[in-house]
Amino acid sequence: MGSALVLAGGGVAGIAWELGVLRGLADADPALADQILAADLVVGTSAGSAVAAQITSGTPLDDLYAAQLRAETAEIEVDVDTEKLFGEYGAVLAGVSDPAEARRRLGALALAARNVDPAVRLAAIDARLPVKAWPSRDVRLPAVDAESGEVTVFSGDSGVSLRDAVAASCAVPGIWPPVAIGDRHYIDGGVRSMTNADLAAGADRVLIIQPILEGTPQPWGNLDDEIAKLAPAKVHVISADQASVDAFGTNALSPATRGPAAQAGRAVGEAHAEAVAALWS
């Protein structure tokens, strides 16, 4: 297949940070960044789905990065403690070993929640998209059926609008409303895995960008297992450093994290440029 770029979930802070990482790679090696942005396949989960839509839109990376530094934004402020939220998920999933059942339980939680009006949320997602149509590139955005727990991977030939696919992949259970597509409702693709890197199987080289510290346990999915499924591909993972995590704070969904997260990501991207160049050679 060639090259693949995998963009993980991580809230509003994650969007800004991942764009910052790409901007940092461009600082160090503009030609390398251009090659990465032109990857044959882009897999985006949750926050990564928004970044995937943005970087394949034809909009210059400089513009996308600069937008993260501006105070004005269409993002919705929501008061949530990320650690507390995952604690609530843990209570819902107590005693569950089957991944599909776990996804169904989180789907039920999402369907029962009363939060932001779906139309308001869709408007915020729409504002993230410089171009509203799917790109001609191979872009894959996973989401989870709230009722069945099955995983759906949206793409340009799925018959679903880019806005709805991004919104579905970003629909954090209990925070954002499930997204109605046809007669089904979808929640965050991160409920299956924060990276979904195995969707890049078949690529020769894969760059994974994840806004968490290396080795941080994930509630769903296992990056090491996913990377094993990518063999014999060459793989490099860019993870957050402590300065990045500090920039995310306790609420990665807050628009206030955008500027600090973008700047922290830029430093991380620049630091990884040499290793990424070796991957892409």
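**Helix α4, the annotated site and the largest pocket**

In helix α4, which runs over residues 61-69, the buried residues include L61, L64, Y65 and Q68. Viewed down the axis of α4, its buried residues fall within an arc of 95°, so they line one face of the helix. This arrangement can be set beside the general geometry of such elements: an α-helix has 3.6 residues a turn, so residues three or four places apart point the same way. The buried residues of α4 pack against four helices, namely α1, α2 (30-37), α3 (47-55) and α11. The model described here is predicted, not determined by experiment.

The UniProt record, an unreviewed entry, carries the annotation "active site" for S46 and D188. These residues span 143 residues in sequence, yet no two of their C-alpha atoms are more than 6.0 Å apart, so they gather at one spot. Both S46 and D188 belong to the lining of the largest pocket.

S46 is placed in the loop between β2 (41-44) and α3. Its relative accessibility is 7%, and S46 therefore counts as buried, the limit being under 20%. The backbone at S46 has a phi near 55°, a positive value in a residue other than glycine. Leaving aside residues up to four places away in sequence, S46 is in contact with G9, S169, C170 and D188.

D188 lies in strand β6, which covers residues 184-188. With a relative accessible area of 5%, D188 is likewise buried. Again without residues up to four places away in sequence, the contacts of D188 are S46, A143, V144, A168, S169, C170, A171, V172 and P173. The two annotated residues thus touch each other, and S169 and C170 appear among the contacts of S46 as well as among those of D188.

The largest pocket, whose lining includes S46 and D188, has a volume of about 860 Å³. Its lining consists of 39 residues, of which G10, T82, F86, I212 and A252 are the closest to the centre of the pocket. At least two lining residues come from each of α1 (11-28), α5 (82-92), α7 (118-128), β7 (205-213) and α10 (242-248). The greatest contribution is that of α5, which supplies five residues. By residue class, the lining of the largest pocket divides into 23 nonpolar, 11 polar and five charged residues.

Two further backbone features were found in loops. N196, in the loop between β6 and β7, has a positive phi of about 50° although it is not a glycine. The relative accessibility of N196 is 0%, so N196 counts as buried. A cis peptide bond joins A231 and P232, with omega at about 10°. P232 is located in the loop between α9 (223-228) and β8 (234-240).

G249 occupies the loop between α10 and α11 (258-280). The relative accessible area of G249 is 47%, which makes this residue partly exposed, as the exposed class begins over 50%. From G249 to D225 the separation is 24 residues in sequence and 28 Å in space, taken from C-alpha to C-alpha.

Definitions and conventions: Residues are numbered from 1 along each chain as its sequence is written. This is a predicted model: local features need pLDDT of at least 70, side-chain atom pairs count only at pLDDT 80 or more; totals for chains, interfaces and linings use all residues. Side-chain values use heavy atoms; hydrogens and water are left out. On a 1 Å grid over the protein atoms alone, a cavity is a set of points where a 1.4 Å probe fits but cannot get out, and a pocket is an open set with protein on both sides within 12 Å along at least five of seven lines; lining residues have an atom within 4 Å of a point. Grid points are joined across faces, edges and corners, and a volume is the space filled by probe spheres set on the points. Ala, Val, Leu, Ile, Met, Phe, Trp, Tyr, Cys and Pro count as nonpolar, Asp, Glu, Lys and Arg as charged, and the others, Gly among them, as polar. Buried means under 20% relative accessible area, exposed over 50%, partly exposed in between (1.4 Å probe, protein chains only). The arc is that of the directions from the helix axis to the C-beta atoms. Contact means heavy atoms within 4.5 Å. UniProt positions are given in the numbering used here, feature names are shortened, and annotations may be inferred rather than shown by experiment.
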